[in-house]
Amino acid sequence: MYMDFNIYMNDVVTKARDEITQAGYSELTTAEQVEEALSKQGTTLVMINSVCGCAGGIARPAASHAIHYDKRPDHLVTVFAGQDREATERARQFFEGYPPSSPSFALMKDGKIQTMVERHDIEGFEPMEVIGKLQRNFEEYCKEV
């Protein structure tokens, strides 16, 4: 049986993109979009998306469900590591003090990094545990909606 790897990966990437945008996150695909979005006033959750099956399959459901909480970020955005390289690279420049990690979540406030849930905080955990980590960060940094 022949399977074209690029067609397969395009399908996987499309599904991963759709899953996070359908949850309400705005996709940032250029450095300019990242600059504008991450410089906004208020709190911004940046989901660094990834096709990594083990951690990505936990991070995307966590991203979808964590935002259904009394306190949550003002803005929800996503960049896709390994796909939108320029956007991801620019986003990571905002995450001072944190090494590149995908998938991961960065919580920004007024353009400054506050905290991150990194890959090692996601991989090997259940989605509900990651949701709890995100919501504890929302509790500390975000306002009630």
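No aromatic pairs are present in the structure, which is a predicted model. An aromatic ring is nevertheless involved in a contact with a charged residue: lysine 133 is placed over the face of phenylalanine 125, at a distance of 3.3 Å from the ring centre.

Lysine 133 is also one of the buried residues of helix α5. This helix comprises residues 127–141, 15 residues in total, and spans 21 Å between its first and last C-alpha atoms, close to the expected 21 Å at 1.5 Å a residue. Besides Lys133, the buried positions of α5 are Val130, Ile131, Gly132, Leu134, Gln135, Asn137, Phe138 and Tyr141.

Helix α2, formed by residues 31–38, contains the buried residues Ala31, Val34, Ala37 and Leu38. Viewed down the axis of α2, these buried residues fall within an arc of 130 degrees and therefore line one face of the helix. Glu32 and Glu36, on the other side of α2, are exposed. Among the elements that cover the buried residues of α2 are the strands β2 (43–49), β3 (75–80) and β4 (104–109), together with helix α4 (85–94).

Threonine 21 belongs to helix α1, which runs over residues 5–22. Its relative accessibility is 29%, and threonine 21 is therefore classed as partly exposed. A polar atom of the threonine 21 side chain lies 3.3 Å from the backbone oxygen of aspartate 18. Threonine 21 and threonine 78 are 57 residues apart along the chain, with their C-alpha atoms separated by 8.1 Å.

Definitions and conventions. Residues numbered from 1 in each chain as written. Predicted model: local features only at pLDDT ≥ 70, side-chain atom pairs only at ≥ 80, totals over all residues. Heavy atoms only, no water. Phe/Tyr/Trp six-rings, centres within 6.5 Å; stacked < 30°, edge-to-face > 60°. Lys NZ or Arg CZ within 6 Å of the ring centre and 35° of its normal. Helix = DSSP H or I, 4+ residues; strand = E, 2+ residues; numbered from the N terminus. Expected span 1.5 Å × (residues − 1). Buried < 20%, exposed > 50% of the residue type's maximum accessible area, 1.4 Å probe, protein only. Arc of directions from axis to C-beta. Contact = heavy atoms within 4.5 Å. Polar contact = N/O pair within 3.5 Å; in protein donor to acceptor, adjacent residues only side chain to side chain.
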